[in-house]
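Trainee: I would like a close look at one part of this model. Please take me through the helix that comes up around the cavities, and then set it beside the surface.

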Amino acid sequence: MIFSTAVLAVAGFLAGVMNALAGGGSFVTFPALLLVGLDPRAANVTSTIALLPSQTAAGWAGRRMAEGAAGLSLKTLFIVSVVGGAVGAMLLLATPVSMFTRLVPWLILFATAIFVWGSFFRRSQTPDAPPPITPRIALMLQFAISVYGGYFGGGIGILMIAALTTVGVAVRAAGATKNLLAGVMNIAAVAIFLLESRQNWTLVLALGISAVIGGQIGVLILRFMPENVLRLVVSAMGAALTVGMFIRS
C-alpha cells in the first residue's frame, strides 16, 4: 500500500501540472492505476474521479483568462460541455472501451497537428475577421469533444486547445478555457460514475490530493510562461503523448 500510494501521489502531481498546461494527465494516472492492480475500466473511472478536484480548481483559478470562441459565449460552451460529458460517461458504462482506445493515438496526432499549424503557420486574423467555422459547427465540435472527454478523456486538453486556437483564441486564453470546460464536463461524468459504480477511495484520495497541488502549479506556469514558450511546450507534450499512445496501442 505504501508503494501504491507513492506511485499514485507522483502520478497525480504530474497529471495535475500536465492538465493545467495542455492536458494528457490521464496518460500518467491511467497506467499508474493499472500498475497498482485495477482493471482498465476501473482505472479509467478512478482516474476521472480523482482528477476532478484538480481540474475544477485549475479552471476556477484561471477563470478570468477564459473566453468564448467562434461566435459562442463561454456560457454556451459550458452547457454543451456538461451535456457531452454526461453522455460520454453513460456510453462508457454501457459499451466496451476498446473501440475508443484504438482511436486515441490518431485523435491526439490530429489535434497536435492542428495546434502546431494554428500556432506557427496560420496567418494572423484581424480583430474583426469572422471565425473560420460557423457557431453551429463549433458547437457540434465541442459537444463531440465533451462526449469523448466523458467516455475516456485521454488527450482531451490537446483536442480542446487545438480547436480553440484554430478559431483564433490565444494560447493562454485557450489553456484557461480548456481547464474550465474540462472541469465541468468531468463534473457531469463523475456524477454518473458515482451513481453507477463503486470506488476505491484510498486510491482516489492518493491521486486527487497530489493532482490539486500539481494543478495549481500548472496554472501559475500557464499565467506567466511566455506565449511562444507555451506554444512549444504544448506542441512537445502533444507529440510525446502521440508517440506514447501509438507505442501502447
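Mentor: What follows is a walk from one residue to the spaces around it, and then out to the surface.

Keep in mind that this is a predicted model. Start with Gln 142. Gln 142 sits in helix H6, which covers residues 135–151. Is Gln 142 buried or exposed? Its relative accessible area is 6%. Buried means under 20%, so Gln 142 counts as buried.

Which residues does Gln 142 touch, once neighbours within four places in sequence are set aside? The contacts are Leu 77, Val 80, Ser 81, Met 160, Leu 181 and Met 185.

Now the spaces. There are three cavities of 30 Å³ or more. The second largest cavity has a volume of about 100 Å³. Gln 142 is one of the residues that line the second largest cavity. So is Leu 77, which is also in contact with Gln 142. The rest of that lining is Ala 69, Ala 70, Ile 133, Ala 138, Leu 141, Ala 163, Leu 164 and Val 167. Two elements, H6 and H7, give two or more residues to this lining. H6 has the largest share, with three residues.

Next, the largest pocket. Its volume is about 300 Å³. The pocket is lined by 14 residues. Those nearest its centre are Phe 110, Ile 114, Leu 141, Ile 145 and Leu 159. Look at Leu 141 again: Leu 141 is in this pocket lining and also lines the second largest cavity. At least two lining residues of the pocket come from each of H5 (98–121), H6 and H7 (156–166). H6 and H7 thus appear in both linings: that of the pocket and that of the second largest cavity.

Finally, the surface. A nonpolar patch of about 620 Å² is made by Val 10, Phe 13, Leu 14, Leu 205, Ile 209, Ile 213 and Ile 217. The elements giving two or more residues to the patch are helix H1 (2–21) and helix H9 (201–224). H9 gives the most, with four residues. Take Leu 14 as the example from helix H1. How does Leu 14 stand against Gln 142? Leu 14 has a relative accessible area of 42%. Partly exposed is the class between 20% and 50%, so Leu 14 is partly exposed, whereas Gln 142 is buried.

Technical notes: Residues numbered from 1 in each chain as written. Predicted model: local features only at pLDDT ≥ 70, side-chain atom pairs only at ≥ 80, totals over all residues. Heavy atoms only, no water. Patch = residues over 30% accessible without salt bridge, like charges linked within 9 Å, V, L, I, M, F, W, Y side chains within 5 Å. Areas by Shrake-Rupley, 256 points an atom, 1.4 Å probe, with all protein chains shown as cover. Salt bridge = Lys/Arg side-chain N within 4 Å of Asp/Glu carboxyl O. Buried < 20%, exposed > 50% of the residue type's maximum accessible area, 1.4 Å probe, protein only. Contact = heavy atoms within 4.5 Å. 1 Å grid on protein atoms, 1.4 Å probe; cavity = no way out; pocket = protein on both sides within 12 Å on 5 of 7 lines; lining within 4 Å. Points joined across faces, edges and corners; volume = space filled by probe spheres on them.
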